[in-house]
Amino acid sequence: MKTKPDLSFWKLWNLSFGFFGVQIAYALQSSQVSRIFSTIGADPHQLSYFWILPPLMGFLVQPIIGSASDRTWNRFGRRLPYLIVGAAIAIIVMCFLPNAGSLGLSVSAAITFGLFCLMLLDTSINMAMQPFKMLVGDMVNEKQKGLAYSIQSFLCNAGSFVGYLAPIILALFVSNQAPEGEVPPTVTFAFYLGALILLICVLYTLAKVKEMPPKLYAEYNGVAEEESQQQKKGNMFVQMAGALKTAPAVFWTIGLVQFFCWAGFLFLWTYSTDAIAGHAFDAPSEQKVDGVEINGTMYSDKYLFADEIMVIDDGRLTINGVNVNGIVVYPDSVMTADGQILVKGGQVFYDKGVALARPGESYGKQGDVLLIDGEEVTLDAPVSTVVTLSTVTPDHKLSTAHIVVERDGKYEKEQVAELPSAAGAEITPHYTTVLNAQSKQYQDAGDWNGVLFAIQAVVAVIWAAVLPRFKNRRFAYSISLVIGAVGFIAVYFCNSKWALTVPYGLMGCGWAAMLAMPFTILTNALSGKNIGTYLGLFNCTICFPQIIAALLGGLILGFFPLAAAGTPQAGAPQTVYMIVVAGVLMLLGAVAVWNIKEVSAEKQRAEAEAAA
């Protein structure tokens, strides 16, 4: 068997350059898709379920792509055909996804269309991403694989940096506002820019990278050409099962490390904004009506109607009227003379999570002055609020709706469900406390969260260049994860936005190692015969822990105490604890690294040939 020659730096660079464009697409998906769905009308409390889709699609697609590419030989190469198909689909979907709310569809149809685009986008990104990992395994010798995967890690984080900051940069040139239900131009053009860069990167890769022909590949990877042809004809799924049975031990030991690390980062992506909003920005909490109990039965839809009267509107009781001096009026706003808002936008106003105009309670005293829709009214007696919940009669027909859009003063309801008659009904609202996502503090935290992830990406780029200088890979891998774990846990002790830059920078060291080290160690232990199949299966060790973490995150969060009374976040979940849990998982991953026993496929083959 021939030894693969050393490649120049720029040849190694060209093998992975397309990863830059693919990662921009992935970063835009990670940072902007929730925003897109929320804008077109999705319930933000249910968005977390959408995020099971990306790792699930990776879990299903990547092993098939890996195995199929092992069996592919055509004029474009072995791995590159899948890059072409995946990138082409991703480019098309990136042009459609941000326009889901601008196609004249109903809210539910727009959400369905967006969800379908998300599935296609993540599937195509997985198709386009996988070939770059396999090209390094195919064409780079063991001595240079550490450098090759570090270059790939550098390009990956550089692409993430551009994707995270693209909407903020574009805000200097285009508007950050759009009509209701439509995505802002900054996000739309960010996706267009990402699609253009991805196209350029793929064309560059096709121009610069030439895969080995089958005969040469067989010579360099110790695979007989007739064996390759036989593999091409075999059953793909039988071959995947066989590959798992004969997988080297390092496949499973690295997989254990992957489980801890990727579960930890899923928690970071899920809870980071809320964690820093409550912990470092003092975002206030608010009470939300998370359901209504009617005669002992709980209904959790966010909209409740009595005929056409809105009872609960997106987690809040709706004011039906205000009794002022014996007359019921229907104001948009009610404010006390000293500036205290009681009703705003026809709804109960919440201050620090507390509803100020509770149903049926009285406010003020005789002689006080209220501003009702901007006009001064002197009270002859205390004013009381009248809410729809207290005025539902047996004649009203109750119903819930999952999606509601108000157009020209009328409600357009979708996914409507009729409820039992209100006759004799005892109706009780149930509350939950969350951070106020509309508050300035929360929005400032959301903006800063993007900056923190960009800092993490920059540090990861720098650390990726340092990793090849370590002589002991296991030590480099483990110490990087320990540094990352320290960053996760340190978030708990940082109460200012500037202090948070340090722990997020430390996380970048762990992230760089997660991207580079596993594939370096694994591909060194694999022969050329099934390397694509193994890398596809190995990507399941990235997807599976994310699926588990997404399903268990809410349950784990429930074990931690709520924010203490007297704080702005009183009663809200303390999501910062989930970042600490992520740090503990990273520490477990660092310990598991020492269970890895590195092996060399080339050394094993050389010893076998010498013995023969």
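This is a walk through some aromatic pairs, a sheet and a surface patch of the structure above. Please keep in mind that the model is predicted.

Let us begin with the rings. A pair of aromatic rings is described by how far apart the centres are and by the angle of the planes. In this model the count comes to 26 aromatic pairs. A good one to pick out is Phe-265 with Trp-511: the ring centres are 5.0 Å apart and the planes stand at 40°, so the pair is tilted. The angle falls between the limits of 30 degrees for stacked and 60 for edge-to-face, and that is why the word "tilted" applies. Phe-265 belongs to helix 12 (residues 249-279) and Trp-511 to helix 16 (residues 501-524), so this contact ties together parts that are 246 residues apart in sequence. Phe-265 is buried, with a relative accessible area of 0%, and Trp-511 also counts as buried, at 8%.

Now turn to Phe-470 and Phe-475. Their ring centres lie 6.0 Å apart with the planes at 50°, so this pair is tilted as well. Here the surroundings read differently on the accessibility scale: Phe-470 is partly exposed at 25% relative accessible area, and Phe-475 is partly exposed at 39%.

Rings can also gather in groups. One aromatic cluster is formed by Phe-9, Trp-10, Trp-13, Phe-17, Phe-20, Phe-154 and Tyr-204.

Charges meet rings too. If you look at Phe-305, you will find the charged end of Lys-413 over its ring, 4.4 Å from the centre. Likewise, Lys-497 places its charged end over the ring of Trp-448, 4.8 Å from the centre.

From side chains we can move on to the backbone. Strands of a sheet pair through backbone hydrogen bonds, in a parallel or an antiparallel way. An open sheet of five strands runs in the order 10-9-8-14-15, and its pairing is antiparallel. Strand 10 (347-348) and strand 15 (375-378) are the edge strands, each pairing on one side only. At the strand 10 edge, its partner is strand 9 (residues 341-344), and the two are joined in the antiparallel sense over two bridges. Within this pairing, Lys-344 stands opposite Gln-347 of strand 10.

Our last stop is the surface. Leu-193, Leu-196, Leu-199, Ile-200 and Leu-203 make a nonpolar surface patch of about 440 Å². Leu-193 lies in helix 8 (residues 185-208) and counts as partly exposed, at 35% relative accessibility. That value is over the 30% needed for a patch member, so Leu-193 meets this part of the rule.

Definitions and conventions:
Residues are numbered from 1 along each chain as its sequence is written. This is a predicted model: local features need pLDDT of at least 70, side-chain atom pairs count only at pLDDT 80 or more; totals for chains, interfaces and linings use all residues. Side-chain values use heavy atoms; hydrogens and water are left out. Rings of Phe, Tyr and Trp (its six-membered ring) pair if their centres lie within 6.5 Å; planes under 30 degrees apart count as stacked, over 60 as edge-to-face and the rest as tilted. Helices (H or I, at least four residues) and strands (E, at least two) are DSSP runs, numbered from the N terminus. Buried means under 20% relative accessible area, exposed over 50%, partly exposed in between (1.4 Å probe, protein chains only). A charge sits over a ring if NZ of Lys or CZ of Arg is within 6 Å of the ring centre and within 35 degrees of the ring normal. Two strands pair if DSSP finds at least two bridges between them. Patches are made of residues with over 30% relative accessible area and no salt bridge: like charges are joined within 9 Å, nonpolar side chains (Val, Leu, Ile, Met, Phe, Trp, Tyr) within 5 Å. Accessible areas come from the Shrake-Rupley method with a 1.4 Å probe; for residues, only the protein chains shown count as cover. A salt bridge is a side-chain nitrogen of Lys or Arg within 4 Å of a carboxyl oxygen of Asp or Glu.
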